[in-house]
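Thanks for making time, everyone. I'd like to walk you through a structure that will be new to most of you, so let's put it up on the screen.

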Amino acid sequence: MPDLGQLLKRTFGYSTFRPLQREICEATLAGRDVFALLPTGGGKSLCFQLPALVRPGLTVVVSPLIALMKDQVDALQASGVAATFLNSTLGEAEARARLRGLHGGEFKLLYAAPERLMLEGWDENLKKWNVACLAIDEAHCVSEWGHDFRPEYRQLARLRAALPGVPSMALTATATERVRADIVTHLKLREPEVFVASFNRPNLTYRVVPKNQPLKQIVEFVKKREHESGIVYCASRATAERTAEGLASRGFAARPYHAGLDAATRAENQEAFLRDDVRIICATIAFGMGINKPNVRWIIHHDLPKNIEGYYQETGRAGRDGLPGDCLLLFSAGDVAKQTHFLDEITDEHERGVARAQLRQIVHYAENSSCRRAELLGYFGEKFPLENCAACDNCAEPRDTYDGTVVAQKFLSCVYRIAQNSRFGVGLNHIIEVLTGADTDKIRRWGHERLTTYGIGKDLSRPAWAAVGRELMRLGFVAVAEGEFATLELTAEGMAVLRARTPITLTKPMDLPKAKRVAVRREGDIACDEILFERLRALRKRLADERHVPAYIVFGDATLRAMAHYYPESAGAMEGIPGVGEKKRTEFGAIFAAEIADYLKANSRMAFA
């Protein structure tokens, strides 16, 4: 087997592999089926790109998004790799030319959507092209339990029959145990070697703040990051439009992206973002999967995401280059109520139950006072080894606690009295209405105004009671009953603390953001000459525009920051700068070295620790 490390350095300019990359490459080159779960930014693509350069024949990459195909092929060609894609954006003459190249064995990698590979007669093409490996990217799309199920992915198992001796790879950045099992089953992987990297993204910081005038909060956040790219995720098209307009009217380069825009406008806005002509995209969840833009520095969730898996995937689009990224979630009880209302309209009982459970998990994440990173990793079955990650709001500025024994007793008593009186459970909203003494049809019909707990909680607002109820659920004193309706019941632990009047400590709700913030640790930062970095960024933009490609196809931010740290003044001195492979050094090394040398004529080198 050739030296994979040398090939990595020569082609892509990296001297070390990221966790599990080498092992995955070696397993597929040994002819094994592979299941690989690497977090966003963990270098999934390299796991099939590098082996494709080693083995004779063609590696077919199944990719769900057209933008991703063009992106990755542009990046590979810039590194000197013979890659191509086939999709609906190509004219007939161009598609035929590429097919001729495939028949002639000119390419090492072919990117295609699953639908194309399923077209009649395509199995004959694949047999003629000497396919050596089938790599299925975004493999979670095969599972209805994944956050982005696509039925056409299910058909990919048919390729196993067409290419019986060809090893397959399934790759994803996010999957629970259940989804992992689905992927292996539906793609008919044969005794695959399974690789699961840590879900931890140490370079990302996580914050949740109460939503209060969201546009104003976003403007304040973005003002401090005017030269950085970011994505604002919104629950609806209207919110995405309104937020983009609000930012643009204040002088920020922002555009919307959602399924209601025509395809040309969507493509134009995405391209402008990829090329750094636009810094901010305000988008629904339609945007982002497979967006290979490594220098997204921040993600804001304007609204509560539907589930943790989607949230993890969306925040994971920040800091893919390993440099720091900030993730901010604006949280309000109103968002929870809105989503609960939407869920009540789902007619399929099973689907409604799954959606409710997912909503409870993301609300738990938002309201919880413990480490955000530990919560996220725990969802995926991974234990975070530290008590304090120092890079989330709860670790950097722990919230205050208070003696919640009295309010907890009131809430637990109310759940107990309703169950005792009615012989059935009720949901959180009804319990709050009883506690606050509301006058509703249900309360009168069920006689709950006669309960001893009716009106004993008038001193607290409804949102405050909702927060108490959800915290008691998190503490395990109250549980959501199995069945069609999300009714609450006391657990054995809840009954015990109710009877013994055990003291209970609760966490104070989140305050609005403080003016003075504690500094959080920022993993992955590369200290550099910021003025030189901006000059190199401008040069990169000019070169990228001339070639009609996104800026990071030339070099990523991490590469430019390393140049602005080490000051290489010749192409030869670029040796060892991450991301500078042989082809890129030949094409761009002298140009960037000349810019650095010119800068040093008027500026002295900075010393870095």
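I'll start with the whole protein and then go to a few particular spots.

One thing to keep in mind from the start: this is a predicted model. So, what is it built from? There are 26 helices and 17 strands in the protein. The radius of gyration comes out at 27 Å, and the globule rule gives 25 Å for 609 residues; those are close, so the protein is as compact as a globular protein of that length. If you draw a box around the C-alpha atoms along the principal axes, you get roughly 85 × 65 × 45 Å.

How much of it is buried? Of the 609 residues, 55% count as buried. As for the outside, the accessible surface is about 26700 Å², and carbon and sulfur atoms account for 52% of that. Then there's how the chain meets itself. Take the contacts between residues at least 6 apart in sequence: 74% of those join residues that are at least 24 apart.

And the charges? We have 81 positive side chains and 76 negative ones, and the centres of the two sets lie 2 Å apart.

Okay, let's go to some charged residues, beginning with Arg561. You'll find Arg561 in helix H25, which covers residues 557-566. Is Arg561 buried or exposed? Its relative accessibility is 10%, under the 20% cut-off, so Arg561 counts as buried. Which residues does Arg561 touch, leaving out those up to four places away in sequence? They are Leu323, Asp525, Ile526, Cys528, Glu530 and Phe533. With one of these, Glu530, there's a polar contact between the side chains, at 2.6 Å.

Next up is Lys541, in helix H23, residues 530-547. Lys541 has 19% relative accessibility, and since buried means under 20%, Lys541 counts as buried. Setting aside residues up to four places away in sequence, Lys541 touches Arg275, Asp276 and Asp277. The side chains of Lys541 and Asp277 make a polar contact of 2.5 Å. Now look over at Arg474: that residue is 67 residues from Lys541 along the chain, and their C-alpha atoms are separated by 49 Å.

Let's move to helix H10, residues 214-223. Which of its residues are buried? Gln217, Ile218, Val219, Phe221 and Val222 are. A quick reminder that helps here: an α-helix has 3.6 residues a turn, so residues three or four places apart point the same way. And what do the buried residues of H10 pack against? There's one helix on the list, H11 (237-249). The strands are E8 (204-210), E9 (229-233), E11 (280-283), E12 (296-301) and E13 (325-331).

Just ahead of that helix, have a look at Gln213, in the loop between E8 and H10. Phi of Gln213 is near 55°, which is a positive value in a residue other than glycine. At 49% relative accessibility, Gln213 counts as partly exposed.

Asn130 also has a positive phi, near 55°, and it isn't a glycine either. Where does Asn130 sit? Its place is in the loop between helix H7 (122-128) and strand E5 (131-136). Asn130 has 47% relative accessibility, so Asn130 counts as partly exposed.

That's my tour, thanks for listening!

Note on methods. Residues are numbered from 1 along each chain as its sequence is written. This is a predicted model: local features need pLDDT of at least 70, side-chain atom pairs count only at pLDDT 80 or more; totals for chains, interfaces and linings use all residues. Side-chain values use heavy atoms; hydrogens and water are left out. Helices (H or I, at least four residues) and strands (E, at least two) are DSSP runs, numbered from the N terminus. The radius of gyration is taken over C-alpha atoms; the globule rule is 2.2 Å times the number of residues to the power 0.38. Buried means under 20% relative accessible area, exposed over 50%, partly exposed in between (1.4 Å probe, protein chains only). Contact means heavy atoms within 4.5 Å. Accessible areas come from the Shrake-Rupley method with a 1.4 Å probe; for residues, only the protein chains shown count as cover. Lys and Arg count as positive and Asp and Glu as negative; His and the chain ends are not counted. The place of a charge is taken as NZ of Lys, CZ of Arg, CG of Asp or CD of Glu. A polar contact is a pair of N or O atoms within 3.5 Å; within protein, one must be able to donate a hydrogen and the other to accept it, and residues adjacent in sequence count only if both atoms are side-chain atoms.
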